[in-house]
Amino acid sequence: MFQYYFLLGVRSLRRNPALTALMVLTLAIGVAASVSTLTILHVMSGNPIPHKSDRLFVPQFDNGPLESYKVGDKANDEQMSYRDAVNFMNSKAGERRTALFGIGMPLEPERKDLGVFVVRGIATGGDYFNMFEAPFLHGQGWAPDADKRGADVVVLSRKLSEKLYGDADPVGRRVRMGGSDYQIVGVLDTWNVIPRYQHLIGPETAFGDEEDMYIPFTTAINHQVERNGSTGCQGNVEPGFQGFLDSECTWIQVWFETATPGDRAALQSYLDSYAAEQRKLGRLKRNSPNKLYDVMEWLEFEKVVDNDNKLAVWLSFGFLLLCLVNTIGLLLAKFSVRASEVGIRRALGASRREIFTQFLIETTVVGLVGGVLGLLLAIGALALIALQSKALATVAQMDWIMLLTTFALAVLAAVLAGLLPTWRACQVTPALQLKSQ
């Protein structure tokens with residue numbers, strides 16, 4: 001019986017292809033807009049490294065000046081000074097630790113047809129790659145002693161490597177950047193870093209695609225590599241590279257990785273002890289509480305998913321609701337002109353239940369086709385977004401459970417949208433319809 005009514009519903013939809021196409025397209029656009037927005041928000045708000053996010057911590061204590069400070073004021077700077085960053089890297093706190101800041105310098109390629117161009121990257125410690133599980137295409141990160149002696153080594157991104165050397169493995173070759181020759185020790189594979197993930201690895205790199213290159217933290221200091229971004233406390237830092245090193249309020253980020261989430265308390269104790277010692281030395285002026293953020297807490301603190309993104313979700317739901325209302329109107333228009341058909345079927349013995357089943361199956365077909373088309377449009381839209389910026393959203397980053405749930409809701413919404421016109425069709429009085437024919 002279901003197959004009979006299903007085929008009957010399909011034939012009915014084919015009678016007026018323009019109206020049917022309009023209903024399907026209206027529903028599909030609403031589903032596509034909602035799914036695309038939800039997927040992007042899911043990627044932006046999800047846990048970027050779920051299996052270890054509760055073992056990665058960024059410390060924060062207030063390096064700001066005492067002038068105009070009042071108890072309870074927010075921290076004057078979210079980052080660490082150079083002196084604190086070095087102390088933390090040389091400490092034994094946590095299982096791994098790294099400091100990092102954004103850099104940029106001109107690259108002189110061997111190929112003369114390319115010309116000199118500026119590359120950007122991160123100056124960091126060797127633990128960085130293991131901490132954030134960076135995928136390597138060729139080679140690996142630099143050895144621990146490279147950090148200590150400030151070796152001129154570099155890890156390239158796949159994009160930069162292919163630009164300079166094509167598909168060849170460049171490990172062992174040298175590239176000239178900022179007036180110095182760096183030996184290539186590794187090439188990172190395509191790293192689908194999204195903006196929220198980049199907030200974990202340096203505020204200067206919070207937008208755009210993955211970085212071009214990575215060099216040791218000490219190497220960047222020794223060569224006085226130009227920094228990307230600015231200091232944390234405007235107006236309080238002397239100009240020049242030495243001012244950057246001497247400042248108590250600059251823009252260097254520090255991350256710790258602990259062996260277990262339970263080691264957080266020990267890391268917090270170390271941070272409190274360190275801050276207390278620095279206050280005794282007169283370096284830290286303010287008495288603000290020392291904070292320790294894990295990955296999700298840090299992203300919440302940075303407000304990576306802001307109110308504008310949340311508003312976009314509600315607007316997408318509103319757009320879907322508007323599409324559903326339009327679909328209801330179109331279904332009402334479609335079924336209202338079929339009142340005579342319903343009257344004849346009722347006069348021939350069809351029950352209200354059978355009429356209801358037939359029309360409900362028709363609306364379900366509309367929901368299924370609209371939902372499938374909506375998902376295809378959403379996948380296409382996300383693919384276009386991925387072409388513009390790999391950092392924002394890709395089909396591979398979709399949460400398929402969420403998509404299937406959204407699709408099921410779309411079909412259910414279409415069925416619910418058809419309940420009113422179906423109920424209206426079932427209220428037709430056979431005798432009145434036959435009399436009017």
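**Close-up of Glu133, a partly exposed loop residue.** Glu133 is partly exposed in this predicted model, with a relative accessibility of 39%; buried means under 20% relative accessible area, exposed means over 50%, and partly exposed lies in between (1.4 Å probe, protein chains only). The residue belongs to the loop that runs between helix H4 (128–131) and strand E4 (136–139). Helices (H or I, at least four residues) and strands (E, at least two) are DSSP runs, numbered from the N terminus. Although Glu133 is not a glycine, its phi is positive, at about 55°. Most residues other than glycine have a negative phi. The model is predicted: local features need pLDDT of at least 70, side-chain atom pairs count only at pLDDT 80 or more, and totals for chains, interfaces and linings use all residues. Residues are numbered from 1 along each chain as its sequence is written, and side-chain values use heavy atoms, with hydrogens and water left out.

**Close-up of Gln224, a loop residue with positive phi.** Gln224 sits in the loop between helix H8 (217–222) and helix H9 (241–246). Its phi is near 50°, a positive value in a residue other than glycine. With a relative accessible area of 52%, Gln224 is exposed.

**Close-up of Pro109 and its contacts.** The loop between strand E2 (96–108) and strand E3 (117–124) contains Pro109. Pro109 is buried, and its relative accessible area is 10%. Residues up to four places away in sequence aside, Pro109 touches Leu114, Gly115, Val116, Phe117 and Leu164; contact means heavy atoms within 4.5 Å. Lys163 is 54 residues from Pro109 along the chain, and the C-alpha atoms of the two are separated by 9.7 Å.

**Close-up of Ser161 in helix H6.** Ser161 is part of helix H6, which covers residues 158–165. Its relative accessibility of 3% places Ser161 among the buried residues. Neighbours within four places in sequence being left aside, Ser161 is in contact with Leu156, Gly166, Ala168, Pro170 and Val187. Val187 is 26 residues from Ser161 along the chain, and a distance of 7.0 Å separates their C-alpha atoms.

**Close-up of Arg174 in strand E6.** Arg174 is located in strand E6 and counts as partly exposed, at 42% relative accessibility. Its contacts, not counting residues up to four places away in sequence, are Glu110, Asp152, Tyr165, Asp181, Tyr182 and Gln183. Between the C-alpha atoms of Arg174 and Glu110 the separation is 9.6 Å, across 64 residues along the chain.

**Close-up of the crossing of helices H3 and H10.** The axes of helix H3 (residues 82–90) and helix H10 (residues 264–280) come within 13 Å and cross at roughly 135°. H3 is therefore oblique to H10. Axes are lines fitted to C-alpha atoms, for helices over the stretch in contact, and angles run from 0 to 180 degrees between N-to-C directions. Angles under 35 degrees count as roughly parallel, over 145 as roughly antiparallel, 65 to 115 as roughly perpendicular and the rest as oblique. The crossing of H3 past H10 is right-handed, that is, the near helix is turned clockwise from the far one by less than a right angle. On the H3 side, Arg83, Asp84, Asn87 and Phe88 meet Tyr270, Leu271 and Tyr274 of H10. The residues of this contact comprise 4 nonpolar, 1 polar and 2 charged; Ala, Val, Leu, Ile, Met, Phe, Trp, Tyr, Cys and Pro count as nonpolar, Asp, Glu, Lys and Arg as charged, and the others, Gly among them, as polar.

**Close-up of helix H7, where confidence in the protein chain is lowest.** The mean pLDDT (the predictor's confidence in each residue, from 0 to 100) is 48 in helix H7 (residues 195–198), whereas strand E6 (residues 174–177) has the highest, at 96. Over residues 193–197 the pLDDT is below 50, yet this stretch has 26 contacts in the model beyond near neighbours in sequence. Residues 202–209 also have a pLDDT below 50, with 26 contacts in the model beyond near neighbours in sequence. Where pLDDT is low, the predicted coordinates should not be read in detail. The protein chain averages a pLDDT of 78, and 74% of the residues score at least 70.
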